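Reader: I've got a model open on my screen and I'd like to learn how to read it. Could you walk me through it?

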Amino acid sequence: MPGQKTPEYLFRPGSPRPTRYIKASVRKDVLMARRRTIDRRKAKGIARERMDILFNRAREVFPQDRKLARRYVTLARRIGMRYNVGLTKKDKLDACKNCNSFLVPGINCRVRTHAARVVITCLECGHVRRVPFTRERKGKLNKHPLRKPLSKSR
Ligand SMILES: [Zn+2]
């Protein structure tokens, strides 16, 4: 009613009671800060586990269904982002960072070496990934990545 002062604890008919009145005792438990830090470490472990499972599923399903494999990769990466967990070295090479495709050399990605880098081209979206590697060195001649190839010393 306009002009009429509403008592502080009076609620409109049908409106649910605010949770702060009925749940105060419950919330104390839920909001305890100490529990959270312990759980986060556990959560990371679980996240890693799940990402691993998803990548294995992607590997399995790839020959039959690339789209599904991509979906698994997407989910695994999303879990990783949520819990701040990175992909393993191997999984990182198996996934396209741009389109989340599961990558299999010779089928949907191209792997070449160039200038002391492994160049992985995703053939689904064209994204290029370059991973540096340390070249086997004989003396200091080959120190520079663009220096003459090793074959001369043979
Ligand atoms: Zn891609």
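Author: Sure, and let's begin with strand pairing. Two strands count as paired if DSSP finds at least two bridges between them. With that in hand, look at Cys 109, which stands opposite Cys 122 in β2. One caution before we go on: this is a predicted model.

Reader: Okay. How many bridges join β1 to β2, and in which sense do they run?

Author: There are 6 bridges between β1 and β2, residues 117-122, and the two strands run antiparallel. On the next pair, β2 and β3 are also joined in the antiparallel sense, over 5 bridges. There you'll find Thr 121 opposite Val 128 in β3.

Reader: What order do the strands take in the sheet?

Author: It's an open sheet of 3 strands in the order β1-β2-β3, with antiparallel pairing. β1 (109-114) and β3 (128-132) each have a single partner strand, so each has one side without a neighbour in the sheet. From one strand to the next, the twist averages 20°.

Reader: Is β3 tucked away or in the open?

Author: To judge that, count C-beta neighbours: a residue is buried when 20 or more other C-beta atoms lie within 10 Å of its own, and exposed when there are 12 or fewer. In β3 the number of buried residues is 0 out of 5, so the strand lies largely in the open.

Reader: What links β2 to β3?

Author: They form a hairpin with 5 residues between them. Check Gly 126 in that turn: its phi is positive, about 85°.

Reader: Which residues other than glycine have a positive phi here?

Author: Asn 100 is one of them, at about 65°, and Ala 115 is another, at about 50°. Their settings are worth looking at side by side. Asn 100 is in the loop between α5 (89-94) and β1, and it counts as buried because 21 C-beta neighbours lie inside 10 Å. Ala 115 sits in the loop between β1 and β2 and is exposed, with 10 other C-beta atoms within 10 Å. You can add Asn 84, which follows α4 and has a positive phi near 55°.

Reader: And what about Ala 116?

Author: Ala 116 belongs to the loop between β1 and β2. It is partly exposed, having 15 other C-beta atoms within 10 Å. Now try a distance: Ala 116 and Phe 133 are 17 residues apart in sequence, yet their C-alpha atoms are 5.8 Å apart.

Reader: Which residues does Val 118 touch?

Author: Here's the general idea to start with: in a regular strand the side chains alternate between the two faces of the sheet. Val 118 lies in strand β2. Setting aside residues up to four places away in sequence, it touches Val 111, Thr 113, Val 131 and Phe 133. Val 118 is partly exposed, with 14 other C-beta atoms within 10 Å. Its C-alpha is also 6.2 Å from that of Pro 132, which is 14 residues away along the chain.

Reader: Let's zoom out. What does the whole chain look like?

Author: The chain has 5 helices and 3 strands, running α-α-α-α-α-β-β-β from the N terminus. Of its 154 residues, 14% are buried. Among contacts between residues at least 6 apart in sequence, 40% join residues at least 24 apart.

Reader: Which residues touch the most other members of the largest nonpolar core?

Author: Those are Ala 58, Val 73 and Phe 102, in a core of 15 residues. The elements giving two or more residues to this core are α3 (33-61) and α4 (66-83). Follow Ala 58 and you'll see how things connect: leaving out neighbours within four places in sequence, it is in contact with Ala 69, Tyr 72, Val 73 and Phe 102.

Reader: How do I read the faces of α4?

Author: Find the buried residues, then look down the axis. In α4 they are Ala 69, Arg 70, Tyr 72, Val 73, Ala 76 and Arg 77. They fall within an arc of 160° seen down the helix axis, so they line one face of α4. The face turned away from that buried side carries the exposed residues Lys 67, Met 81 and Arg 82.

Reader: How far does α4 reach from end to end?

Author: Its 18 residues reach 26 Å from first C-alpha to last, close to the 26 Å expected at 1.5 Å a residue.

Notes. Residues are numbered from 1 along each chain as its sequence is written. This is a predicted model: local features need pLDDT of at least 70, side-chain atom pairs count only at pLDDT 80 or more; totals for chains, interfaces and linings use all residues. Helices (H or I, at least four residues) and strands (E, at least two) are DSSP runs, numbered from the N terminus. Two residues are in contact if their C-beta atoms, placed from the backbone, lie within 7 Å. Axes are lines fitted to C-alpha atoms, for helices over the stretch in contact, and angles run from 0 to 180 degrees between N-to-C directions. A nonpolar core is a set of buried Ala, Val, Leu, Ile, Met, Phe, Trp, Tyr and Cys residues joined through C-beta atoms within 7 Å. The expected span of a helix is 1.5 Å times one less than its number of residues. The arc is that of the directions from the helix axis to the C-beta atoms.
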